[in-house]
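Biologist: Got a minute to go through the holes and packing in this model with me? Put it up on the screen and we'll start with the cavity.

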Amino acid sequence: MSNILVGVTGGIACYKIPTLCRRLRDKGHDVKVIMTESASKFVTPLTFESVTHNMVYIDDFKENEEPDNIYHIDLVKWADVFVIAPATANTIAKIATGIADNLLTSAVLAKPAEKPLIIVPSMNSIMYESIQNKKNLYRLSNEYGYNIVDPVVGNLACQDVGVGKLPEPEFLADTVHEKIISAGDYKDINFLVTAGATKEFIDPVRYITNRSSGKMGLAFCDIIKRKSGTLKLICSDSIKTDYNAVFVCSAEELFEKVKAYVENTDILIMTAAVADYRAAKYSDNKIKKSDSNIFLELTKNPDILKELTSYKRKQQVFVGFAAESENLQKNAMKKLMEKKLDMIVANDISRRDIGFDSSENEVTVFFADGRVINIDKASKQKIAEIILEYAVEIYRNKKKIS
Ligand SMILES: Cc1cc2nc3c(=O)[nH]c(=O)nc-3n(C[C@H](O)[C@H](O)[C@H](O)COP(=O)(O)O)c2cc1C
């Protein structure tokens with residue numbers, strides 16, 4: 001049994017949502033409902049209270065029966081899955097821009113990243129096809145990684161025929177239920193994720209680093225957690241995260257930590273951008289400015305993935321990343337072979353719209369068995385989700401064989 005939070009906004013399809021709540025309860029789930037003020041004009045809170053056997057939440061500010069609670073925080077903490085159905089064009093636009101002016105939109109912003117949000121738009125077909133609405137939905141899906149369930153074509157309440165109709169409650173209940181089942185998909189797998197840029201100190205105040213933000217690695221963590229995998233995250237000390245991470249600074253420190261944790265790992269996702277070189281000599285004191293040029297000698301850092309080849313067990317799956325500005329395929333394939341990886345994810349860093357510090361990416365994945373797949377531009381969460389599916393498939397096949 002899971003906890004499902006249903007957000008209801010002011011669309012004509014509201015009348016279908018009590019049935020959705022019933023179907024979810026029939027499947028054994030506990031259901032709580034947040035309504036917008038507009039939604040409460042279409043269906044009364046009493047209807048939802050009757051079908052869910054829980055109180056209905058509309059207003060964050062009203063004197064509530066549970067004074068210790070802050071609803072927009074507590075409800076998303078309680079929920080395993082958050083579904084918004086129907087989602088009006090208005091609420092979709094608010095979510096796309098981060099507006100939090102009612103309980104429902106505030107709850108969306110307060111939702112921990114690893115919890116799935118399913119959004120089911122429903123409206124008149126001209127509204128649905130409007131550029132504004134299309135752009136907003138694109139953003140929700142591709143930039144924020146939310147799950148959109150497309151409306152279907154049919155007779156609309158406004159007597160038009162077109163796209164915009166809410167799918168039937170039975171179909172929606174199955175969709176939500178499947179999401180919950182797949183949430184446990186990785187519960188038998190130990191993941192080790194590295195993320196962010198290493199820092200190589202030259203003196204106590206200066207260091208060499210790179211542009212990696214760690215967002216790709218954190219996107220992997222979100223999906224692993226969402227699917228109940230066991231996660232160990234080793235990341236740069238400049239990354240802010242709620243995950244219980246081991247923080248490191250230099251490539252050597254990262255290597256030490258990876259060596260310590262890799263034994264107990266089934267799938268290693270090595271997104272950290274590791275400096276190839278460090279200062280040959282660290283100065284204990286701040287290097288003073290002088291009139292002449294100074295030369296910095298660099299020495300090679302360990303190539304972590306290459307070094308790890310001697311630690312790798314047959315059943316383990318290692319996924320590497322290659323940020324390339326030229327000869328993407330050739331360089332990625334070389335790394336894949338040399339480092340005995342199962343998969344390498346290559347991205348073209350010469351493009352400004354994707355990659356470093358962006359919330360989107362577009363990658364090519366090369367596999368040890370010769371397969372090559374392209375993943376079109378999408379949110380880093382979507383990309384992480386696809387890559388993990390491949391990595392887990394390889395891991396499960398290896399386990400079957402051994
Ligand atoms: C009779 C009626 C039906 C409506 N149906 C829809 C609808 O299906 N989808 C939609 O996006 N907006 C619909 N609207 C407009 C929304 O109710 C309106 O944009 C409202 O501000 C939405 O508020 P909310 O997003 O906070 O729930 C309808 C309005 C009325 C009066």
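**Cavity, pockets and packing**

Modeller: Lining the largest cavity are T194, A195, G196, A197, T198, I234, C235, S236, V248, C249, L254 and A272. A cavity here is a set of points on a 1 Å grid over the protein atoms alone where a 1.4 Å probe fits but cannot get out, and lining residues have an atom within 4 Å of a point. Bear in mind that this is a predicted model: local features need pLDDT of at least 70, side-chain atom pairs count only at pLDDT 80 or more, and totals for chains, interfaces and linings use all residues. Residues are numbered from 1 along each chain as its sequence is written, and side-chain values use heavy atoms, with hydrogens and water left out.

Biologist: What volume does the largest cavity have?

Modeller: About 30 Å³, counted as the space filled by probe spheres set on the points.

Biologist: Which strand gives the most to its lining?

Modeller: Strand 12, with 3 residues. Strands are DSSP runs of E, at least two residues, and helices are runs of H or I, at least four, numbered from the N terminus.

Biologist: OK, pockets. How much space is in the largest pocket?

Modeller: About 1,100 Å³. A pocket is an open set with protein on both sides within 12 Å along at least five of seven lines. The lining has 44 residues, with A273, V274, F321, A323 and K335 nearest the centre of the pocket.

Biologist: And where does the second largest pocket lie?

Modeller: It lies between domain 1 (3-182) and domain 2 (190-401), because both give residues to its lining. Those bounds come from an automatic or database domain assignment. The volume of the second largest pocket is about 780 Å³, and helix 10 supplies the largest share of its lining, 6 residues.

Biologist: How many residues of each domain are in contact with the other?

Modeller: 12 residues of domain 1 and 13 residues of domain 2, where contact means heavy atoms within 4.5 Å.

Biologist: Switching topic: is K227 buried or exposed?

Modeller: Buried, because its relative accessibility is 9% and the cut-off is under 20% relative accessible area (1.4 Å probe, protein chains only). K227 sits in the loop between helix 10 (215-226) and strand 12. Leaving aside neighbours within four places in sequence, its contacts include D185 and E389.

Biologist: Last one: which residues have the most contacts inside the largest nonpolar core?

Modeller: L233, I267, V365 and I387, in a core of 38 residues. Such a core is a set of buried Ala, Val, Leu, Ile, Met, Phe, Trp, Tyr and Cys residues joined through side-chain atoms within 4.5 Å.

Technical notes. Buried < 20%, exposed > 50% of the residue type's maximum accessible area, 1.4 Å probe, protein only.
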